[in-house]
Amino acid sequence: MAGSGSRTVSATGTVTNANVLPVSGGNTGPAQFTLTYDRGAPATGPITVAVLLTLSPPSNFAQNGLVATVSGFDTDLSGIPLLIPAQSILFTMRPCSTQVCAQTFHVGGRIDVTQPGNGGSITVPLTITATLVAAL
């Protein structure tokens, strides 16, 4: 039986389904990323790290007989509620006083799925490129 539906997973983990049934034992949640900056030497004081983040999701993705389109990306990064594919955004990490600075964040979005067959599961890869702008 062919059909279509959508699932929205927010950056905070809220899941909303429309004509999509959860897969038994499946793990649904937002994508998680960790930005890490290593000073290369012991910390001598606080540092602020600024990066450009660029989201590169697939425009259409097919897996296990399903075809998916992803859109509507949100994030839990402070001051950045939305991510627009291929658009770079400047993000400043929390001030850090250790040799290795790290910050984890989540990305949610909407996936629209069509299935020409009897269903299946799908995992859509998201890529975020982080480019160092400054470490002061």
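# A guided tour of the model

Begin at Ser-59, which is found in the loop between strand 4 (49-56) and strand 5 (61-63). Keep in mind on the way that this is a predicted model. Is Ser-59 buried or exposed? Ser-59 has a relative accessibility of 58%, so the residue counts as exposed, the cut-off for that word being over 50%.

Keep Ser-59 selected and add Val-49. Draw a distance between their C-alpha atoms: Ser-59 and Val-49 are separated by 31 Å, with their positions 10 residues apart along the chain. Now draw a second distance from Ser-59, this time to Leu-90. These two are 31 residues apart in sequence, and their C-alpha atoms are 23 Å apart in space.

**Stop 2: a patch on the surface**

Stay with Leu-90, which lies in strand 8. Leu-90 is exposed, at a relative accessible area of 53%. Add Leu-52 and Val-133 to the selection and show the surface. What do Leu-52, Leu-90 and Val-133 form? Together they make a nonpolar patch on the surface, with about 250 Å² of accessible area. Val-133 belongs to strand 10 (residues 127-135). With a relative accessibility of 47%, Val-133 counts as partly exposed, because exposed requires over 50%.

**Stop 3: a loop with a positive phi**

Select Ala-86 next. Look for this residue in the loop between strand 7 (82-83) and strand 8 (89-92). Ala-86 is exposed, and its relative accessible area is 67%. Check the backbone torsions here: phi of Ala-86 is near 70°, which is a positive value in a residue other than glycine.

**Stop 4: the disulfide**

Move along the chain to Cys-96 and Cys-101, and show their side chains as sticks. A disulfide joins Cys-96 to Cys-101, with an S to S distance of 2.3 Å. The count for the model is 1 disulfide. Which hand does the disulfide of Cys-96 and Cys-101 have? The torsion about its S-S bond is about -95°, so the disulfide is left-handed. If you switch on the surface, note that both Cys-96 and Cys-101 are buried.

**Stop 5: along strand 9**

Select Gln-103, a residue of strand 9. Its relative accessible area is 8%, so Gln-103 is buried. Follow the side chain of Gln-103 to its end: the backbone nitrogen of Arg-94 is reached at 3.1 Å.

The next selection is Phe-105, together with Phe-33. The count for the model is 1 aromatic pair. How far apart are the centres of the rings of Phe-33 and Phe-105? The centres are 5.6 Å apart and the planes of Phe-33 and Phe-105 stand at 25°, so the pair is stacked. Planes have to be under 30 degrees apart for that word to apply. The pair links distant parts of the chain, since Phe-33 is in strand 3 (residues 31-38) and Phe-105 is in strand 9 (residues 100-115), 72 residues apart. Phe-33 and Phe-105 are both buried.

Then pick out Arg-110 and Asp-112. Asp-112 forms a salt bridge with Arg-110, and the closest N and O atoms are 2.8 Å apart. The count for the model is 1 salt bridge. Asp-112 counts as partly exposed at 28% relative accessibility, and Arg-110 also counts as partly exposed, at 36%.

**Stop 6: the loop between strand 1 and strand 2**

For the last stop, go to Thr-12. This residue sits in the loop between strand 1 (3-9) and strand 2 (15-18). Thr-12 has a relative accessible area of 68% and is exposed. Now add Ser-10, which lies in the loop between strand 1 and strand 2. Is Ser-10 buried or exposed? Ser-10 is buried, with a relative accessible area of 15%, because buried means under 20%. Show both side chains: the side chain of Thr-12 makes a polar contact with the side chain of Ser-10 at 2.8 Å.

Finish with one more distance, from Thr-12 to Thr-98. The C-alpha atoms of Thr-12 and Thr-98 are separated by 27 Å, and the two residues are 86 residues apart along the chain.

Key. Residues numbered from 1 in each chain as written. Predicted model: local features only at pLDDT ≥ 70, side-chain atom pairs only at ≥ 80, totals over all residues. Heavy atoms only, no water. Phe/Tyr/Trp six-rings, centres within 6.5 Å; stacked < 30°, edge-to-face > 60°. Helix = DSSP H or I, 4+ residues; strand = E, 2+ residues; numbered from the N terminus. Buried < 20%, exposed > 50% of the residue type's maximum accessible area, 1.4 Å probe, protein only. Disulfide = S-S within 2.5 Å. Polar contact = N/O pair within 3.5 Å; in protein donor to acceptor, adjacent residues only side chain to side chain. Patch = residues over 30% accessible without salt bridge, like charges linked within 9 Å, V, L, I, M, F, W, Y side chains within 5 Å. Areas by Shrake-Rupley, 256 points an atom, 1.4 Å probe, with all protein chains shown as cover. Salt bridge = Lys/Arg side-chain N within 4 Å of Asp/Glu carboxyl O.
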